[in-house]
Amino acid sequence: MFVKDLHLGVTGSRFTLPYEQLIGFSHVLWEISPEYIHHGDCTGADLMAHTIALKQGVKCVVHPPILTRYRAFTEKYHAIRQPKDYLARNRDIVNASSILAAMPRSASEEAGGTWYTVRYARKRGKTIYIIHPDGTIHTEEP
């Protein structure tokens, strides 16, 4: 059973995620039961989240980047948005979602698009699930 009109934003590393992190994401997806996920259509976390979500019957909304070097070109999406630069599209993902699932490559919050997106979600008062590479999940409530 899905929560109607619940939108989960996804952000994460463009590298292949560890198995434990994928299991953590699957757990969050099952727990939240969103009707939609929003992701940035890049390799790594976005592609893997897209695949898991489709298998669970969740609709995917794609927010692609202008630059295509790391783009996954996912298929079977519910909707696709206009391509934008990375940070603008990350803000769009947060703005379109009530909850954010973040799958960073490391715990360092100093650099990278994933942590930029987490900081933006904090400013916007979103609930955030940070799924670490070892599979542990840290939840931040607004």
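Hi everyone. Let me begin with a term: when I say two residues are in contact, I mean that they have heavy atoms within 4.5 Å. With that in hand, take Ile 32 in this predicted model. Setting aside neighbours within four places in sequence, Ile 32 is in contact with Val 3, Leu 6, Leu 8, Ile 99 and Tyr 129.

Ile 32 also belongs to the largest nonpolar core, which has 22 residues. Ile 32 is among the residues with the most contacts inside that core, together with Leu 8, Phe 25, Leu 29, Ile 37 and Met 103. Which elements give two or more residues to this core? They are strand E1 (3–12), helix H1 (19–32), helix H2 (45–55), strand E5 (99–103) and strand E6 (127–131). There is also a second, separate core of 9 residues, including Val 94, Leu 100, Ala 102 and Ala 121.

Let's step back to the whole chain. Its secondary structure comes to 4 helices and 7 strands, and from the N terminus the order of elements is β-α-β-α-β-β-α-β-α-β-β. The C-alpha trace spans about 40 × 30 × 30 Å along its principal axes. The radius of gyration is 13 Å, which agrees with the value near 14 Å for a compact globule of 142 residues. Buried residues account for 49% of the chain. If you look at contacts between residues at least 6 apart in sequence, 64% of them join residues at least 24 apart.

Now to the sheet. It is an open sheet of 7 strands with mixed pairing, in the order E4-E3-E2-E1-E5-E6-E7. Why does strand E4 (79–80), like strand E7 (137–140), have one side left without a neighbour in the sheet? Both stand at the edges, and each has a single partner strand. For E7, we can look at the pairing with E6: the two run antiparallel and are joined by 4 bridges. Within E6 and E7, Ile 130 stands opposite His 138. Helix H1 packs on the sheet, where it touches E1, strand E2 (34–39), E5, E6 and E7. The direction of H1 makes about 155° with that of E6.

I'd like to show you two polar side chains next. The first is Glu 35, in strand E2. Is Glu 35 buried or exposed? With a relative accessible area of 12%, Glu 35 counts as buried, because the cut-off for buried is under 20%. Its side chain reaches the backbone nitrogen of Asp 5 at 2.6 Å. Beyond its sequence neighbours, Glu 35 has contacts that include Phe 2, Val 3, Leu 6 and Val 58. By comparison, Ser 108 lies 31 Å from Glu 35, C-alpha to C-alpha, and 73 residues away in sequence.

The second is Ser 97, in the loop between helix H3 (86–96) and E5. Ser 97 is buried too, at 5% relative accessibility. What does its side chain reach at 3.1 Å? That is the backbone nitrogen of Gly 9. Leaving sequence neighbours aside, Ser 97 is in contact with His 7, Leu 8, Gly 9, His 38 and Lys 126. You'll remember Leu 8 from the largest core.

One last stop: Ala 72, in the loop between strand E3 (59–62) and E4. Ala 72 is in contact with Asp 41, Cys 42, Thr 43 and Leu 47, again leaving out neighbours within four places. Its C-alpha atom is 8.0 Å from that of Asp 46, although the two residues are 26 apart along the chain.

Thanks for listening!

Technical notes: Residues are numbered from 1 along each chain as its sequence is written. This is a predicted model: local features need pLDDT of at least 70, side-chain atom pairs count only at pLDDT 80 or more; totals for chains, interfaces and linings use all residues. Side-chain values use heavy atoms; hydrogens and water are left out. A nonpolar core is a set of buried Ala, Val, Leu, Ile, Met, Phe, Trp, Tyr and Cys residues joined through side-chain atoms within 4.5 Å. Buried means under 20% relative accessible area, exposed over 50%, partly exposed in between (1.4 Å probe, protein chains only). A polar contact is a pair of N or O atoms within 3.5 Å; within protein, one must be able to donate a hydrogen and the other to accept it, and residues adjacent in sequence count only if both atoms are side-chain atoms. Two strands pair if DSSP finds at least two bridges between them. Axes are lines fitted to C-alpha atoms, for helices over the stretch in contact, and angles run from 0 to 180 degrees between N-to-C directions. The radius of gyration is taken over C-alpha atoms; the globule rule is 2.2 Å times the number of residues to the power 0.38.
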